[in-house]
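Please work through the following exercises with the sequence and the coordinates open beside the text. Each task is followed by a solution that proceeds step by step.

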Amino acid sequence: MSTVINTMEPVIKVEPVIIVNPGATKWDIRQKVWDYIEDNNLANFPRPVHNRIPNFKGAFTACTKVSELQVFTQATEVKVDPDKPLEGARLAVLQAQKTLLVPTPRLRTGLFNKITPPQGATKEQLRICSSSQGVRDFSVPFDLDEKVKVDLVVVGSVAVSEKGLRIGKGEGFADLEYAMMASMGAVNESTVVVTIVHDCQVVDIPDEIMESHDLTVDYILTPTRVIKTDCQVPKPQGIFWNKLNSEKLEKIPILKKLLALEEQAGKDVTLGVAPTAAESGMQTGQPKRQTRRRPRQNIQQDDKGESKQENIESEKRVRQRPARVRKDSRGDGGGGYERGKGKRGENLKEKNPEEGGGEVPSQRKLPLSVTTVYLGGIPAGLRVSELKAALREREAAPLRLTWQGAQHRAFLDYSDPQAAEQALEALQDLSLNGHSLQAELAKSQRGGKRSGQSNRRPRPSTPPKSNPATADESDTNENAEQ
């Protein structure tokens with residue numbers, strides 16, 4: 001493929017594989033895309049893809065096409081979202097020795113982080129820098145006062161149309177980030193926006209469901225195509241303050257600074273009113289969340305150490321709960337920039353992640369059978385809260401964490417073997433305080449139990465009264481595999 005797209009060639013219309021019904025809402029479209037990807041096994045870890053920017057198979061191939069765009073060749077500073085499927089795009093920016101800007105997670109501490117690889121970094125080091133670990137370990141925050149001109153923006157999407165209309169996962173961060181960049185003069189009408197998706201995510205999106213704050217795209221990259229949208233819908237050129245509320249400003253401190261600056265400039269910064277949880281759910285039309293439909297086998301071990309497999313629907317529903325609660329609890333509710341918690345979030349007891357977690361409800365019982373991962377090489381002085389934060393960051397939060405820091409190890413319980421395998425994949429390159437941690441299945445899961453020791457680890461007879469990970473931080477008397 002040539003580096004410059006010839007726009008004189010006739011455009012070949014490719015019919016979308018996912019049909020959008022008349023009157024569909026954004027959430028209808030999201031659900032259809034998520035279900036299709038799961039039903040056809042088109043995604044890599046993390047799974048399921050519901051409520052995520054899908055890490056689709058072929059993402060790296062699609063990402064390499066960003067360097068074939070003429071606008072990429074001319075760009076100096078490139079902003080790429082931190083989503084997993086965009087890892088290849090971040091690598092392409094670093095390999096081209098351009099400035100890579102990545103938004104800070106959930107905009108808690110600012111707007112941008114600049115990724116700064118080590119001097120003379122190898123390709124493998126650049127690959128690490130482009131991963132979520134690199135965003136944490138090799139980034140320098142960009143202050144709001146620093147002048148920056150972003151030439152190219154790369155965002156993830158759940159669905160996108162050939163006309164350039166885009167639907168994200170429903171939290172509105174990509175839209176808000178672009179609006180904030182426009183407000184601080186980092187982007188303008190000439191800034192090019194690219195999204196990278198699977199071919200099935202290119203669908204027909206009705207014009208009428210799009211809103212003024214929604215970000216549109218100029219190019220769509222898929223594993224098989226490069227689509228120039230020639231989008232006629234203008235991008236937001238500032239923050240729509242009436243789509244925000246005081247609660248949102250408390251969660252994103254940088255918005256307070258931007259509001260003060262725009263107020264000094266004489267702009268209208270009147271905030272909207274935060275709706276109730278039930279109202280926000282009605283406004284967004286968010287349906288009951290579904291997860292992937294493929295049946296999974298639960299592997300249990302009897303007292304003789306023999307394995308048996310059976311499908312247990314009730315345990316399947318229990319296993320789905322942690323991800324669902326985690327995602328819902330992160331919705332801030334209210335405003336056009338993101339979805340609310342809806343009725344399903346009203347009774348959830350939320351906890352600030354900085355205060356030690358809260359991914360699973362305290363009332364939920366652990367499954368009868370769990371799969372345990374051994375985590376060794378924990379450096380001296382590491383706090384359990386730091387480990388838990390790293391697990392959350394990598395989407396590997398366990399149902400239960402048994403902390404044995406004095407022995408430089410911890411044990412992580414997951415609902416089933418598949419969840420444990422996904423966690424193992426996410427934790428393979430985990431490094432904390434300069435020490436590489438060792439993650440592997442516990443010996444009890446590999447048939448290596450000690451004499452007289454059951455493969456089942458003791459479980460509490462009653463539900464824990466707090467987050468399981470928190471409750472077990474001081475539990476060092478429980479039998480654990482060496």
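The exercises below concern a predicted model, and they move from helix packing to single residues and then to backbone geometry.

**Exercise 1. Describe how helix α4 packs against helix α5, and state which residues make the contact.**

Step 1. Two packed helices are described by the angle between their axes and by the distance between those axes.

Step 2. For helix α4 (residues 87–95) and helix α5 (residues 123–130), the angle is about 130 degrees and the axes lie 8 Å apart. That angle makes α4 oblique to α5, since angles over 145 degrees would count as roughly antiparallel and those from 65 to 115 degrees as roughly perpendicular.

Step 3. The crossing in which α4 passes α5 is right-handed.

Step 4. On the side of α4 the contact is made by Glu87, Arg90, Leu91, Leu94 and Gln95, while α5 contributes Lys123, Leu126, Arg127, Cys129 and Ser130. Sorted by character, the residues of this contact are four nonpolar, two polar and four charged.

**Exercise 2. Determine whether alanine 92 is buried or exposed, and find its contacts beyond its neighbours within four places in sequence.**

Step 1. Alanine 92 has its place in helix α4.

Step 2. Its relative accessibility is 11%, and alanine 92 therefore counts as buried, the cut-off for that class being under 20%.

Step 3. When neighbours within four places in sequence are left aside, alanine 92 is in contact with Val66 and Phe72.

Step 4. Between the C-alpha atoms of alanine 92 and serine 130, which are 38 residues apart along the chain, the separation is 8.9 Å.

**Exercise 3. List the buried residues of helix α13, and say which elements are included in what covers them.**

Step 1. In helix α13 (residues 417–427), the buried residues are Ala419, Ala420, Gln422, Ala423, Leu424, Ala426 and Leu427.

Step 2. Their cover includes the strands β13 (371–376), β15 (409–414) and β18 (438–441), together with the helix α12 (384–393).

Step 3. At the start of α13, the backbone nitrogen of glutamine 418 has a side-chain oxygen of aspartate 416 within 3.1 Å.

**Exercise 4. Work out the surroundings of two charged residues, arginine 166 and aspartate 214.**

Step 1. Arginine 166 belongs to strand β7 (residues 166–167), whereas aspartate 214 sits in the loop between β8 (192–196) and β9 (219–221).

Step 2. With a relative accessibility of 6%, arginine 166 counts as buried; aspartate 214, with a relative accessible area of 5%, is buried as well.

Step 3. The side chain of arginine 166 reaches the backbone oxygen of glycine 156 at 2.8 Å, and a polar contact of 3.1 Å joins that side chain to the side chain of serine 157.

Step 4. For aspartate 214, the side chain makes a polar contact of 2.8 Å with the side chain of lysine 26, and one of its polar side-chain atoms lies 2.6 Å from the backbone nitrogen of glutamate 211.

Step 5. Apart from neighbours within four places in sequence, arginine 166 is in contact with a set of residues that includes Val155, Val160, Ala174, Asp175, Ile205, Met210, Leu215 and Val217. Under that condition, aspartate 214 is in contact with Lys26, Asp175, Ile209 and Pro236, so that Asp175 appears in the list for arginine 166 and in the list for aspartate 214.

**Exercise 5. Where do the prolines that follow phenylalanine 45 and arginine 47 lie, and what is the geometry of the peptide bonds that lead to them?**

Step 1. Proline 46 is placed in the loop between α1 (26–39) and α2 (59–64), and proline 48 is likewise in the loop between α1 and α2.

Step 2. The bond from phenylalanine 45 to proline 46 is cis, with omega near 5 degrees. The bond joining arginine 47 and proline 48 is also cis, its omega being about -10 degrees.

**Exercise 6. Compare the phi values and the exposure of asparagine 41 and aspartate 230.**

Step 1. Asparagine 41 lies in the loop between α1 and α2, while aspartate 230 is found in the loop between β10 (226–228) and α8 (246–251).

Step 2. Phi is near 55 degrees for asparagine 41, a positive value in a residue other than glycine, and phi of aspartate 230 is likewise positive, near 50 degrees.

Step 3. Asparagine 41 counts as partly exposed at 30% relative accessibility, and aspartate 230, with a relative accessible area of 47%, is partly exposed too.

Definitions and conventions. Residues numbered from 1 in each chain as written. Predicted model: local features only at pLDDT ≥ 70, side-chain atom pairs only at ≥ 80, totals over all residues. Heavy atoms only, no water. Axes fitted to C-alpha atoms, helices over the stretch in contact; angles between N-to-C directions. Helix = DSSP H or I, 4+ residues; strand = E, 2+ residues; numbered from the N terminus. Parallel < 35°, antiparallel > 145°, perpendicular 65-115°, else oblique. Left-handed = near helix turned anticlockwise from the far one by under 90°. Contact = heavy atoms within 4.5 Å. Nonpolar A, V, L, I, M, F, W, Y, C, P; charged D, E, K, R; others polar. Buried < 20%, exposed > 50% of the residue type's maximum accessible area, 1.4 Å probe, protein only. Polar contact = N/O pair within 3.5 Å; in protein donor to acceptor, adjacent residues only side chain to side chain.
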